[in-house]
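Q: Please take a close look at one part of this structure, the packing of a pair of helices and the charged contacts that go with it. How are the two helices arranged, and which residues bring them together?

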Amino acid sequence: MMTGHDHSSAKPWSNPALSDSEFDHQHLWHPYSSMTTPAPVWQVASASGVRLRLSDGRELIDGMASWWCAVHGYNHPRLNQAATEQLENMSHVMFGGLTHGPAIELGRRLVALTPAGLDKVFLADSGSVAVEVAMKMAIQYQQARGKPAKQRLLALERGYHGDTMGAMSVCDPRRGMHHLFAGVLTAQHFVPEPQAVYPKADQPQDASVLAADIAGLRQKLESCHQELAALILEPVVQGAGGMRFYHPDYLRAARRLCDEFDVLLIADEIATGFGRTGKLFACEHAAISPDILCVGKALTGGYMTLSATLATTEIATTISQGEAGCFMHGPTFMGNPLACRVACESIDLLLDSDWQAQVQRIEQQLEQGLSPLRGQAGIRDVRVLGAIGVVQLEQSANVAELQPLCVAQGIWVRPFADCVYVMPPFVMNNDDLATLTTGIQTALGQYLAGS
């Protein structure tokens, strides 16, 4: 199809008249951004510890851990050394028919650390791909055991599982980011998100709310379990669907009900894995093991993209004995040695630290620093769990207006929808946490006063 482009003209990079910012503005398509009315961006020159150094010399305390993955901060000497050493051996080799030490060592760590029974490890490229892999595992497993009708997924409303086509199909179908694709996505089943919140000592619980949540899940499974391969959910914390913290007893009930109705349970721990909620994996809040587990983000400490999907021996054996005789997936960069080596070091670095105390300290500081916002005009809720702090607004935030106010306070916070939230690196000290929460208070005060 003709596009009207003059392919004989010089490429933009050959035009010295374009500055970096102008080229970025005209040619680089950022996540969830418009190319006609782009939101502002800030150019990062370097990053170290918990700080981003901008090209203009300013420094920002990073409250986002680069979308939740840089749990050790930036430019960590141990991770740098691991990457450098691996580069001297090999940066990549195909995983088809070959294997290597970094992948084996990473597999050892993941099998040992994840909930019981997850003994088979599939290494993938990104969180979205890990979810795709999990969905395909569930469907292929049901086919291999002679139940081809079980080919749909059940998911929670307000959930988020990624941006690829399969992952989008199990994201919230109405309020999520991907409703525009509803007509072309596989039609999945959904159940209302749990309303019973994560229990806190100073927050009384209404047992009837939890009972209604569980009854709704049971009713949905009763009505459609014959066509369900699996239930997929984010355990305890629904991330990009609203930063919601729900009751672990709902997760515990989900495990029981999946067993009762012959449906697999997929736990998407891409955002919550490796200590973010105060447990190494969020499933531990309910003391359950899923049939399939997805991890990513913090897996490499934010150094490069890598994810993993773990499954039980029964699932792996059943798939392997099915029609295809194998699992039908194989990414080009599967088991990338460089990423696997850094992931091993990142896991070791986490376990060598007193990460539980770090996360508990961050939780206390976020609660102390964000609690003054409770009850203020324009703010619906303030909630904290582990190293996650959320300020929920009454209305969706205008990121183009609010984010520059945060930058002016020397902090990097990226709101979405009605949530202003932080997931700081675990190494952030109390002074920087105080600067972060004070900056949020000031920026929100300015923003809400002008809205």
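A: What follows describes one helix pair and then turns to salt bridges.

The model is a predicted one, and the part chosen here is the pairing of helix H7, residues 207–224, with helix H8, residues 248–260. Two packed helices are described by the angle between their axes and the distance between the axes. For H7 and H8 the angle is about 25° and the axes lie 10 Å apart. Because angles under 35 degrees count as roughly parallel, H7 is roughly parallel to H8. The crossing of these two helices is right-handed.

On the H7 side, the contact is made by Leu-210, Asp-213, Ile-214, Leu-217, Arg-218 and Leu-221, while H8 contributes Asp-249, Tyr-250, Ala-253, Ala-254, Leu-257, Cys-258 and Glu-260. Sorted by character, the residues of the contact of H7 with H8 comprise nine nonpolar and four charged, with no polar ones.

Side chains of opposite charge can pair when their charged atoms come close. Within this contact, Arg-218 and Glu-260 meet through their side chains in a salt bridge, with an N to O distance of 2.8 Å. Arg-218 belongs to helix H7 and Glu-260 to helix H8, so the pair ties together parts that are 42 residues apart in sequence. Arg-218, at 30% relative accessibility, counts as partly exposed, and Glu-260, at 48%, likewise counts as partly exposed.

This salt bridge can be set beside others, since a search of the whole structure finds 25 of them. One of these joins the side chains of Arg-109 and Asp-348, at 2.9 Å from N to O. Arg-109 lies in helix H4 and Asp-348 in helix H10, residues 337–352, so this pair ties together parts that are 239 residues apart in sequence. Asp-348 has a relative accessible area of 21% and is partly exposed.

A salt bridge within a single helix is formed by the side chains of Arg-108 and Glu-105, at 3.5 Å from N to O. Both residues lie in helix H4, residues 101–113, where they are three residues apart, about one turn of the helix. Arg-108 is exposed, with a relative accessible area of 56%, whereas Glu-105, at 34% relative accessibility, counts as partly exposed.

Technical notes: Residues numbered from 1 in each chain as written. Predicted model: local features only at pLDDT ≥ 70, side-chain atom pairs only at ≥ 80, totals over all residues. Heavy atoms only, no water. Axes fitted to C-alpha atoms, helices over the stretch in contact; angles between N-to-C directions. Helix = DSSP H or I, 4+ residues; strand = E, 2+ residues; numbered from the N terminus. Parallel < 35°, antiparallel > 145°, perpendicular 65-115°, else oblique. Left-handed = near helix turned anticlockwise from the far one by under 90°. Contact = heavy atoms within 4.5 Å. Nonpolar A, V, L, I, M, F, W, Y, C, P; charged D, E, K, R; others polar. Salt bridge = Lys/Arg side-chain N within 4 Å of Asp/Glu carboxyl O. Buried < 20%, exposed > 50% of the residue type's maximum accessible area, 1.4 Å probe, protein only.
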